[in-house]
Amino acid sequence: LEDLQDTFDFCFKVHYLPGEDRTSDPQYTQQVQALQAKLQILDRQRRVRGGRGWARGVHGHPAPPAQARVSPQEVLAQMQQLLGRSETLQDFLQQELGAWRERQQRACLGATVDTRLRPLETWFTELGQGLFQLLQLLRALGDLRQKVTYERDPLKAETPLLEQRLRELLIYLLQRAFVVEQQPSMPNACKRPLVLRTASKFSVRARLLVCLHDRNHRMEAKIHIDRSGPPGFRKFNILTSNSKTLLAGDSPQDGLICDFQYLTLKEQKDSRSGKGSKGAGEGPLVVTEELHLITFTLAYAYCGLELELETSTLPFVIISNNNQLSSAWASILWFNMLSTDPKASGTPPWPCAAPHCPRPCCSPPRLPLPWSWCPDQQFFSTPPPAPWPRLAEVLSWQFESVAERGLSREHLLMLAEKLFGKV
């Protein structure tokens with residue numbers, strides 16, 4: 001088709017002279033008729049599958065393979081179908097990623113779950129690769145339209161709409177492919193992530209699940225703490241560098257990661273009336289109930305598509321000394337038990353899975369977290385109560401993560417009696 005367009009374009013520029021009255025010239029009239037015939041052939045090739053007549057056409061090129069003889073209009077129709085299937089696949093990936101986020105949240109509480117990202121990374125990358133290939137094909141068809149167009153050109157109306165839809169799918173996929181693989185944690189946290197101490201080192205890592213990048217473009221990731229934090233909370237600065245280039249791992253299987261290590265936090269001197277720390281009576285919440293967030297931003301560019309990606313960690317607590325650790329960890333447990341449904345009024349956010357829970361749990365399964373889910377940093381202003389079945393499950397996870405053995409039914413019954421009396 002490109003060769004046919006080049007032939008028509010050359011003949012048009014050589015033989016067609018608009019503005020001159022050469023209707024009496026029979027040779028010119030014959031050339032214009034030949035141009036009209038070429039344009040009709042070109043239009044037919046854009047609309048229907050190519051046949052033998054085109055293969056032995058005026059430009060004398062050999063016939064392409066039968067499977068390649070597909071018109072652009074047929075290509076556009078097939079792309080419509082592929083984009084519909086891609087949307088279905090994205091819905092599936094959204095559910096899988098939501099389930100992975102749920103497992104990661106449970107793992108932070110001590111549950112033994114699989115939080116590997118390899119399957120998701122493979123699926124996201126293959127879908128992204130297919131969508132970028134379709135984008136390149138659409139751009140090639142757009143180039144054909146730019147070279148030669150005419151009234152009722154099938155490429156003129158459909159190509160821009162398809163490209164817009166395809167770009168929206170790619171942006172949607174990429175925005176969700178940027179995830180926090182490792183939540184903020186200190187090296188010696190006694191299996192208690194999401195509790196950080198000022199002046200102590202911690203690490204956090206993000207990953208882009210679509211392993212496609214332009215090696216000639218430097219993708220820089222930045223981290224920010226509490227970009228839009230609640231008023232009255234302490235404010236902190238991240239010491240050392242807060243930006244890093246997103247790098248591929250040592251092998252292709254390592255993916256695209258952004259690993260921030262040896263970070264430290266320092267409270268701003270003017271964050272609390274000029275003081276470096278706050279007491280229990282200052283501000284809306286005590287320090288062990290203030291929830292903070294680290295946000296990653298990434299300048300992504302590939303195949304002419306440029307956008308800024310963003311993702312955030314789970315909320316964490318910042319303490320200044322070790323005697324606040326237990327209270328801070330209790331806040332982390334409470335938030336992650338109930339944060340997905342803060343108005344649950346006693347209903348657990350997901351089914352109880354404790355092997356020896358003394359009470360049945362009849363709550364419905366929790367749906368995967370929606371993409372627009374944003375943690376409430378003022379969760380502890382009005383914290384909801386935790387149902388015993390859910391708390392029993394989390395306590396069992398805690399014991400299992402440290403002692404490699406969960407709580408038995410007798411243990412849970414004893415704890416329940418201590419809290420509630422006879423059950």
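This report walks through a predicted model of a protein chain, from its overall make-up to a few residues and helices.

## The chain as a whole

Let's start with the big picture. The chain has 423 residues, and 42% of them are buried. Its secondary structure adds up to nine helices and 11 strands.

Take the contacts between residues at least 6 apart in sequence: 74% of these link residues at least 24 apart. As for the outside, the accessible surface is about 22,500 Å², with carbon and sulfur atoms accounting for 51% of that.

## The nonpolar core

The largest nonpolar core holds 86 residues. Phe-124, Leu-131, Leu-208, Phe-296 and Tyr-300 have the most contacts inside this core. Helix H5, which runs over residues 118–147, gives the most to it, with 10 residues.

Leu-131 is worth a look on screen. Setting aside neighbours within four places in sequence, Leu-131 touches Leu-83, Ser-86, Gln-90, Leu-166, Leu-169, Leu-170 and Leu-173.

## Ser-86

Now flip over to the serine on that list. Ser-86 sits in helix H4, residues 72–108. Its relative accessibility is 9%, and the cut-off for buried is under 20%, so Ser-86 counts as buried.

What is Ser-86 in contact with, leaving aside its neighbours within four places in sequence? The partners are Leu-127, Leu-131 and Leu-169.

## Helix H9

Helix H9 covers residues 409–420, which is 12 residues. At 1.5 Å a residue, H9 should span 16 Å, and its end C-alpha atoms are indeed 16 Å apart, so the two values agree. After H9 comes Gly-421, with a positive phi near 85°.

Terms used. Residues are numbered from 1 along each chain as its sequence is written. This is a predicted model: local features need pLDDT of at least 70, side-chain atom pairs count only at pLDDT 80 or more; totals for chains, interfaces and linings use all residues. Side-chain values use heavy atoms; hydrogens and water are left out. Helices (H or I, at least four residues) and strands (E, at least two) are DSSP runs, numbered from the N terminus. Buried means under 20% relative accessible area, exposed over 50%, partly exposed in between (1.4 Å probe, protein chains only). Contact means heavy atoms within 4.5 Å. Accessible areas come from the Shrake-Rupley method with a 1.4 Å probe; for residues, only the protein chains shown count as cover. The expected span of a helix is 1.5 Å times one less than its number of residues. A nonpolar core is a set of buried Ala, Val, Leu, Ile, Met, Phe, Trp, Tyr and Cys residues joined through side-chain atoms within 4.5 Å.
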